[in-house]
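Here is a short briefing on one protein chain. Look at the structure first, then read the points by topic.

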Amino acid sequence: MMNKQEVFTIINEDVLSTKKIPKESVDLIVTSPPYNLDIKYNSHNDQIGYAEYLEFSHKWLSRCFEWLKDYGRLCLNIPLDKNKG
């Protein structure tokens, strides 16, 4: 049996501005982005117009797909019930 060392890297930066991730280098992205539901974040306005939100979503998702390897996966947390407060 071969011993294989696995390496994990966690990068906690702004998806729109980070330069730490090379293209086609990521196997798995797990994210829970802002959903434009007026949640009080320290660094993000979570209550913007719908067109602006769609543009923001397109930008961050495009970055993620640039980083993924051909068979990489993106796991996106989507709230099922936004009425819970």
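Start with the strand pairing in this predicted model. Ile29 has Leu74 in S2 as its bridge partner. Leu28 is bridged to Arg73, also in S2.

**Strands and overall layout**

- Strand S1 covers residues 26–31, and strand S2 covers residues 68–76.
- The two strands run parallel and are joined by 5 bridges.
- In a regular strand, side chains alternate between the two faces of the sheet.
- The chain has 1 helix and 2 strands in its secondary structure.
- Along the sequence, the order is β-α-β.
- The chain has a radius of gyration of 16 Å, well over the 12 Å that the globule rule gives for 85 residues, so the chain is more spread out than a compact globule.
- S1, H1 and S2 together make a β-α-β unit, and this unit is right-handed.
- Along the principal axes, the C-alpha atoms fill a box of roughly 50 × 25 × 25 Å.
- How much of the chain is buried? Buried residues account for 22% of the 85 residues.

**Confidence**

- The chain has a mean pLDDT of 85.
- A pLDDT of 70 or more is reached by 91% of the residues.
- Which element has the lowest mean pLDDT, and which the highest? S1 has the lowest, at 90, and S2 has the highest, at 95.
- Where pLDDT is low, the predicted coordinates should not be read in detail.

**The aromatic pair in the helix**

- How many aromatic pairs are there? The count is 1.
- The partners are Tyr53 and Phe56, and their arrangement is tilted.
- Their ring centres are 6.4 Å apart, with 40° between the planes.
- That distance meets the pairing rule, because centres must lie within 6.5 Å.
- The angle counts as tilted because stacked planes are under 30 degrees apart and edge-to-face planes over 60.
- Both residues sit in helix H1, which spans residues 50–67.
- Tyr53 and Phe56 are 3 residues apart, so about one helical turn separates them.
- Tyr53 is buried, at 14% relative accessible area.
- Phe56 is buried too, at 15% relative accessibility.

**The cysteines**

- How many disulfides does the whole structure hold? The search finds 0.
- Why is there no bond between Cys64 and Cys75? The closest cysteine sulfur to that of Cys64 is in Cys75, 11 Å away, so the gap is too far for a bond.
- Seen from the other side, the closest cysteine sulfur to that of Cys75 is in Cys64, again at 11 Å.
- A disulfide needs the two sulfur atoms within 2.5 Å.
- Is Cys64 buried or exposed? Cys64 is buried, at 4% relative accessibility.
- Cys75 is partly exposed, at 37% relative accessibility.

**The segment before S1**

- Val7, in the segment before S1, is exposed at 66% relative accessible area.
- The C-alpha atoms of Val7 and Asn36 are 34 Å apart. Along the chain, these two residues are separated by 29 residues.
- Lys23 lies in the segment before S1 as well. Lys23 is exposed, with 62% relative accessible area.
- Where does Lys23 stand relative to Cys64? Their C-alpha atoms are 9.2 Å apart, although their positions lie 41 residues apart along the chain.
- Set these two residues side by side: Lys23 is exposed, whereas Cys64 is buried.
- Glu24 is in the segment before S1 too.
- Glu24 has a positive phi of about 50°, and yet Glu24 is not a glycine.
- Is Glu24 buried or exposed? Glu24 is exposed, with a relative accessible area of 55%.

How values were computed:
Residues numbered from 1 in each chain as written. Predicted model: local features only at pLDDT ≥ 70, side-chain atom pairs only at ≥ 80, totals over all residues. Heavy atoms only, no water. Phe/Tyr/Trp six-rings, centres within 6.5 Å; stacked < 30°, edge-to-face > 60°. Helix = DSSP H or I, 4+ residues; strand = E, 2+ residues; numbered from the N terminus. Buried < 20%, exposed > 50% of the residue type's maximum accessible area, 1.4 Å probe, protein only. Pairing = 2+ DSSP bridges. Right-handed = clockwise from strand over helix to strand, strands pointing away. pLDDT = per-residue confidence, 0-100. Rg over C-alpha atoms; globule rule 2.2 N^0.38 Å.
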